[in-house]
Amino acid sequence: MNLLKCALITACLSLSLTALASPPADTPSLKTRKALLIGVDGMQYQKLQKAIQQGKAPNIARLHLYKSYTGGVLGSSTQQPTVSGPGWTTILTGSWVDRHQVNANDETLRNQAPSLFKQFKLAFPERKTASIVSWNVINENFAEDITQGYIDLPIKCSGVDPCVVDKVSHELESGQPDLLFAHFDEPDITGHRLGFTPQYQEAIHTVDAQVGQILQALQHREKAHPEEDWLVIVLPDHGRHLPEGKDHGEQTLSEKTTFIAMNKTGNAQLSAPVGNPPNQDFKGLYGFASQADISPTVLAWLGVKPDLTRYAMDGLRLIGPVGVRQLTVQQQPEGGQISLSWRTDKPSGKPVQVYRDGQLIASLTDHDHSYIDKDVQGQNGVVNYTVVLHQVPVSRLITLSSKAP
Ligand SMILES: [Zn+2]
């Protein structure tokens, strides 16, 4: 009896030790993780909520839906017009206009920040990417990613949304995509033409159904490839101007408010907005996640390890551990020192590192919420700061001035 008990306990102990030493058998390999990003141009958050309440957006309604913002921070170097070119470029680079330089709707502009596609392909050259867009300008702004082979399958659908459904569904059912961006344009087109009208609500309904068609193609794929684990995110590029809903581009609450709909549970950065952000403009909107958080999220999901010495994205990942939040970098007047500040959730003495242009300049803990860099006093030029918590980095760019402003 005793012997048997002992043998069982030993067996149990060795079993649990084995379980500790290796990941559970059902943990998916990062190689089977894939991502589908679906853009719904100019779909306004409030009007989507209305459509959901009326049962007219059942497909997006099945995802976890959160408020977010676009347009960067008013009055800072990240401020960008609430229009499509800058918006989609932020979504596809994790950075604001001071890095990506796409400051308008202009097909001759070229994104200057390392894109989601590029960062993914540099980490996994053999894996496949696609960008299938209704508004062709997106693939023009990312033309260098296409010529350099970072977007394996670039398709311009020239304003024909059903073409997006066909091409994306075909790719999902017959191709081997790992990272797929799809873009629909109809809500924005109807919005410009008619504003907030029953037709605008109908455009939301139509695009929701098209999103549903793509998600159905994804379901077929998942039946054939049960080992795959897909992250799905649906989001717009900007809101619309109140009250009529025809225009957008300005820095108003309604134009800056966007949404992120995701099939996975988000972390606190997505689900628990900072209630008292240092910048309280726009009724606390900056406490929410932003468009810049999308690329870091997708890259983390796909298993791309951040290189802390070169990190240059303004967003935070929305899945898994949360980094420092509300990072701000400011120069004191008259070319003075640089002060960095941030927030941490539930500090417990975990290490925090501060990098300047890829060089470690401070090792702190998450009880610290600020750092002053005196070494760049009196210098000129653009400097990139990165603050890391839980191996999660977030960066800010600042242009130093040695003179009085
Ligand atoms: Zn528009």
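# Questions on a predicted model

Trainee: Between which two elements is the loop that holds Pro 243 found?

Mentor: This is a predicted model. Pro 243 follows a peptide bond from Leu 242 that is cis, with omega near 0 degrees. Most peptide bonds are trans. The loop that contains Pro 243 lies between E6 and helix H12 (253-256).

Trainee: Which strands are the edge strands of the open sheet of 8 strands?

Mentor: The order in this sheet is E4-E3-E5-E1-E6-E7-E2-E8, and the pairing is mixed. An edge strand pairs on one side only, and the two that do so are strand E4 (153-156) and strand E8 (289-290).

Trainee: Which residue in E6 stands opposite Ile 38?

Mentor: Strand E1 (residues 33-40) and strand E6 (residues 229-235) run parallel and are joined by 7 bridges. Within E6, the residue opposite Ile 38 is Val 234.

Trainee: At about what angle to E1 does helix H11 run?

Mentor: Helix H11 (residues 198-224) lies across three strands, namely E1, strand E5 (179-184) and E6. Its direction, set against that of E1, gives an angle of about 170 degrees.

Trainee: Which strands of the sheet does helix H15 touch?

Mentor: Helix H15 (residues 294-301) packs on the sheet, and its direction makes about 170 degrees with that of E6. The strands that H15 touches are E1, E5, E6, strand E7 (257-262) and E8.

Trainee: Which residues are the protein donors of the zinc ion?

Mentor: The donor atoms lie 2.1 to 2.7 Å from the zinc ion. Along the chain, the donors follow the spacing D-x3-H-x55-H. Asp 188 is listed twice, each time through OD, and both histidines donate through NE2. The donor residues are therefore Asp 188, His 192 and His 248.

Trainee: In which helix do Asp 188 and His 192 lie?

Mentor: Residues three or four places apart in an α-helix point the same way, because the helix has 3.6 residues a turn. Asp 188 and His 192 are 4 residues apart, about one turn, and both belong to helix H10 (residues 186-194).

Trainee: Is Asp 188 buried or exposed?

Mentor: A residue counts as buried under 20% relative accessible area. His 192, at 39%, is partly exposed. Asp 188 has a relative accessible area of 8%, so the term for this residue is buried.

Trainee: How is the site of the zinc ion, with its 4 donor atoms, classed?

Mentor: Ideal angles for four tetrahedral donors are 109.5 degrees. Four donors count as tetrahedral if all angles lie between 85 and 135 degrees. At the zinc ion the angles among the 4 donor atoms are 53 to 140 degrees, and the site is irregular.

Trainee: Within what arc do the buried residues of H2 fall?

Mentor: In helix H2 (residues 45-53), the buried residues are Tyr 45, Leu 48 and Ala 51. They line one face of the helix, because, seen down the axis of H2, they fall within an arc of 120 degrees.

Trainee: Against which elements do the buried residues of H2 pack?

Mentor: Just after H2 comes Gly 55, with a positive phi of about 75 degrees. The buried residues of H2 itself pack against helix H3 (58-61), strand E2 (64-69), H11 and E7.

Trainee: How many residues of helix H4 are buried?

Mentor: Those buried in H4 include Trp 88, Ile 91 and Leu 92. Gly 94 follows H4 and has a positive phi, near 70 degrees. Helix H4 (residues 84-93) is mostly covered, and its count of buried residues is 10 of 10.

Trainee: Which residue is the bridge partner of Val 329 in E10?

Mentor: Strand E9 (residues 325-331) and strand E10 (residues 338-343) run antiparallel, joined by 5 bridges. In their hairpin, with 6 residues between the strands, Glu 334 takes a positive phi near 55 degrees. The partner of Val 329 in E10 is Leu 340.

Trainee: Is Lys 346 buried or exposed?

Mentor: Most residues other than glycine have a negative phi. Lys 346 is not a glycine, yet has a positive phi of about 45 degrees. This residue is found in the loop between E10 and E11. With a relative accessibility of 78%, Lys 346 counts as exposed.

Definitions and conventions
Residues are numbered from 1 along each chain as its sequence is written. This is a predicted model: local features need pLDDT of at least 70, side-chain atom pairs count only at pLDDT 80 or more; totals for chains, interfaces and linings use all residues. Side-chain values use heavy atoms; hydrogens and water are left out. Two strands pair if DSSP finds at least two bridges between them. Contact means heavy atoms within 4.5 Å. Axes are lines fitted to C-alpha atoms, for helices over the stretch in contact, and angles run from 0 to 180 degrees between N-to-C directions. Donors are N, O and S atoms within 2.8 Å of the metal (3.2 Å for Na, K and Ca); water is not among the atoms, so sites may look incomplete. Four donors count as tetrahedral if all angles lie between 85 and 135 degrees; four count as square planar and six as octahedral if opposite donors are over 155 degrees apart and all others between 65 and 115; anything else is irregular. Buried means under 20% relative accessible area, exposed over 50%, partly exposed in between (1.4 Å probe, protein chains only). The arc is that of the directions from the helix axis to the C-beta atoms.
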